[in-house]
Each structure stands twice: as structure tokens, then as C-alpha cells.
Amino acid sequence: MATTVGFVGVGNMGWPMAACLVKAGFTANVHDSRRETVDNFVQQVGGTAPGSLRQLAEASEVVVTMLPTSAIVARVLTEGDDNLFSGMKPGTIIIEMSSGVPSVTQRLAEQVAALGGALIDAPVSGGVARARTGQLAIMVGGDGATIDLAMPVLSAMGSSVLRTGAVGSGQAMKALNNLVSTGGFLIGIEALLIGQRFGLDPGVMTDVLNAATGMNNSTQKKFRQFVLSRKFDAGFTMGLLAKDLSIALQVGRETATAAPLSALVNEMIVSAQAKFGPDADHTEMARLCELLAGTELGVG
């Protein structure tokens, strides 16, 4: 079992994920574009902070990337004077845990293989709360033997590790999962708006949905908590959701799959992001539905 793990990207999700590795007994070498964040992590959690990406790769058997986009992942791996490839040893496993573009990840995997390493993709679902407790759902794509070797690292961060197929399939599944989740959120909010106009209480409607066949993740974990409460602070931004949905539609285009409902869901998110900004919480897409309906949801 690998005992030394490099972790690139200790942001909102990466920090608790890397902390779970430290808690599980791994030696964590952490790196982030913000040096102060890395120093704080080492001081508060543990691990070490190599001075460069090259040094991190040289000191690590497994390297995890948890970054905003595939373009940034590619830059960290291959570009500039300091990158992971410059220090990567043969046999190194790269676990790409970002919500990236599958086709880009597949090309990166080929480059890693040419250097004697292996890359698997393993995006996550569950948000910051489940990242803190090590209970993420992890969708992993790649060579089965490589996944077996990486399983102790993955299991330290997630309670459910789901093998999805070849490399890139995990990221495709993550994007499609978020597409389905978003569709469920939007149709649920529309139903609440219709019901409120009819005279139903949105809180009561949420309870009924959760006891009936209309139940979904949003009715259970978002409507009362973040929409009806008007908090809109679930911790996942509109910009990140828009990115995931654009990836899902890209996969649809690349596979020549007609997806009219997916396109409509994506258009709603594009419009919500234009209205409220990419840093707005993703649950604020309910406010776009309210604007279209001319009604604000409330609890009686």
C-alpha cells in the first residue's frame, strides 16, 4: 500500500479530503497555488509542504489532483518550469479527482502512461460536509489493477467507491449525476411554485414529496435547508455547477446523443449564472424560477 500521497489543491473540498488522508495515517505532501493555505494546512492538520510540484512528485507514490478545471490540471501536470511530470517516478499513480472534461483526462492519461505511470479519474459527490467525514461518493474510472492499488487512498476519503469503467468515465458520470440532480431541483421548485399559487404550503409540499414518489436529493437536503429558509448557502457555487453541466452536454455532443431536456436544464443554469453570478450558491437557481413565476416561495 502506498504510504506517501501528494495532494495538489487544498481548497474547500481538497482541504478536508487531504485531512482525511492524514487522519488515515498517510504522509501527505500538499501543494496549492496559495502558499499561505498550504502553510496553514501543515500547521493545523499535519503533512509536509514541498517547495515545488516537482519536489512533491519526487516524494510521492500517489498524487491526487483536486483542481477547478481540466485546463489547470493539464498545466500542473505538464506546463511551465515546474510541473508534476518533471518529478514523477515510474510507477506513480495519478488520481485526478477534479470534475474535469473526460476527453482531456483521457489524453493526460496517455501522457502519464508514456512516462511509466498510470492515471485514473475519481471525481466526488457529497459536498464539503461529507468530505470532512470521509464519506464522499467517489466515481472512479481507469485500469482495474491500478484502481486496486489506489483503493486504500480512495477509501480514506470516500465511503462509497464506485467503478465506472475506463479512464474518463468517472468524470462523465459525475457530470451526468449533477445534470440529473439539477433537473430534479428545478422541477421540484416549479412544483412548489405551482402549489403555492394553488394554496398549498411549500413546507408541507416538501414533506409530502419526501414521503412520496417525488422525493429526490433536493427535496430531502436542499428545499427546506437552503431555499425555504432563504439561506442559499449549500456551499457549491453556480459557476461550478454550470461547468459540470457543460461537461455533461459536451459528452452528449461527442456521443451524438439527442438531449433536449438536458439542454433546457443547462440553459436555466446559464441564465441563473448570468443573473446572480458564478460565485452565487447553486441553490439560488430557485430564485430564477421565482422571477419567472413572479412569486417568492415562503413557509406558512
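What follows is a conversation about a predicted model and the words used to describe it.

Biologist: Why is His-282 called buried?

Modeller: Buried means under 20% relative accessible area. His-282 has 6%, so His-282 counts as buried.

Biologist: Where does His-282 lie?

Modeller: His-282 lies in the loop between α13, residues 260–276, and α14, residues 285–293.

Biologist: What makes the pairing of the side chains of His-282 and Lys-222 a polar contact?

Modeller: The cut-off for a pair of N or O atoms is within 3.5 Å. The two side chains make their contact at 3.1 Å, so the distance meets that cut-off.

Biologist: Which residues does His-282 touch, not counting residues up to four places away in sequence?

Modeller: They are Lys-222, Ala-234, Phe-236, Thr-237, Met-238 and Leu-241.

Biologist: Lys-222 has come up twice. Which residue of helix α8 is also in contact with Lys-222?

Modeller: Ser-181, which lies in helix α8, residues 169–198. Leaving aside neighbours within four places in sequence, Ser-181 is in contact with Ser-218 and Lys-222. The C-alpha atoms of Ser-181 and Ser-218 are separated by 7.4 Å, although these residues are 37 residues apart along the chain.

Biologist: Why is Ser-181 called partly exposed?

Modeller: Partly exposed is the range between the buried cut-off of 20% and the exposed cut-off of 50%. Ser-181 has a relative accessible area of 22%, so the value falls in that range.

Biologist: How do you know that Ser-160 is partly exposed?

Modeller: The relative accessible area of Ser-160 is 26%. That is not under 20% and not over 50%, so Ser-160 is partly exposed. Ser-160 lies in strand β8, residues 158–165. Leaving aside neighbours within four places in sequence, Ser-160 is in contact with Leu-136, Ala-137 and Ile-138. Its C-alpha atom is 8.4 Å from that of Met-139, and the two residues are 21 residues apart along the chain.

Biologist: What makes Asp-244 a buried residue?

Modeller: Asp-244 has a relative accessible area of 2%. The value is under 20%, so Asp-244 is called buried. Asp-244 is found in helix α12, residues 238–254.

Biologist: Which residues is Asp-244 in contact with, leaving aside its neighbours within four places in sequence?

Modeller: Ser-99, Lys-174, Ala-175, Asn-178 and Phe-236. Phe-236 is also among the residues that His-282 touches. As for separation along the chain, Asp-244 and Thr-69 are 175 residues apart, and their C-alpha atoms are separated by 9.9 Å.

Biologist: Why is Asn-266 called buried?

Modeller: Asn-266 is at 14% relative accessibility, which is under 20%, so Asn-266 counts as buried. Asn-266 lies in helix α13. Leaving aside neighbours within four places in sequence, Asn-266 is in contact with Leu-245, Ser-246 and Leu-249.

Biologist: Now the loop between α11 and α12. What is noted about the phi of Arg-230?

Modeller: Arg-230 has a positive phi of about 65 degrees although it is not a glycine. Arg-230 is found in the loop between α11, residues 223–228, and α12. Phe-232 is found in the loop between α11 and α12 as well. Phe-232 has a positive phi of about 45 degrees, and it is not a glycine either.

Biologist: Are Arg-230 and Phe-232 buried or partly exposed?

Modeller: Arg-230 has 27%, which lies between 20% and 50%, so Arg-230 is partly exposed. Phe-232 is at 12%, which is under 20%, so Phe-232 is buried.

Biologist: How many disulfides does the structure hold?

Modeller: Zero. A disulfide needs a pair of cysteine sulfur atoms within 2.5 Å. Cys-20 is at 8% relative accessibility, under the 20% cut-off, so Cys-20 counts as buried. Cys-289 is at 4%, so Cys-289 counts as buried too.

Biologist: What describes the packing of helix α1 against helix α2?

Modeller: The axes of α1, residues 14–23, and α2, residues 35–44, come within 11 Å and cross at roughly 35 degrees. The crossing is right-handed. From α1, the contact is made by Trp-15, Ala-18, Ala-19 and Val-22. From α2, Thr-37, Asn-40, Phe-41 and Gln-44 take part.

Biologist: How many residues of each class does this contact have?

Modeller: Five nonpolar, three polar and no charged residues. Phe-41 is one of the contact residues, and Phe counts as nonpolar. Thr-37 is another, and Thr falls among the polar ones.

Key
Residues are numbered from 1 along each chain as its sequence is written. This is a predicted model: local features need pLDDT of at least 70, side-chain atom pairs count only at pLDDT 80 or more; totals for chains, interfaces and linings use all residues. Side-chain values use heavy atoms; hydrogens and water are left out. Buried means under 20% relative accessible area, exposed over 50%, partly exposed in between (1.4 Å probe, protein chains only). Axes are lines fitted to C-alpha atoms, for helices over the stretch in contact, and angles run from 0 to 180 degrees between N-to-C directions. Helices (H or I, at least four residues) and strands (E, at least two) are DSSP runs, numbered from the N terminus. A crossing is left-handed if the near helix is turned anticlockwise from the far one by less than a right angle, and right-handed if clockwise. Contact means heavy atoms within 4.5 Å. A polar contact is a pair of N or O atoms within 3.5 Å; within protein, one must be able to donate a hydrogen and the other to accept it, and residues adjacent in sequence count only if both atoms are side-chain atoms.
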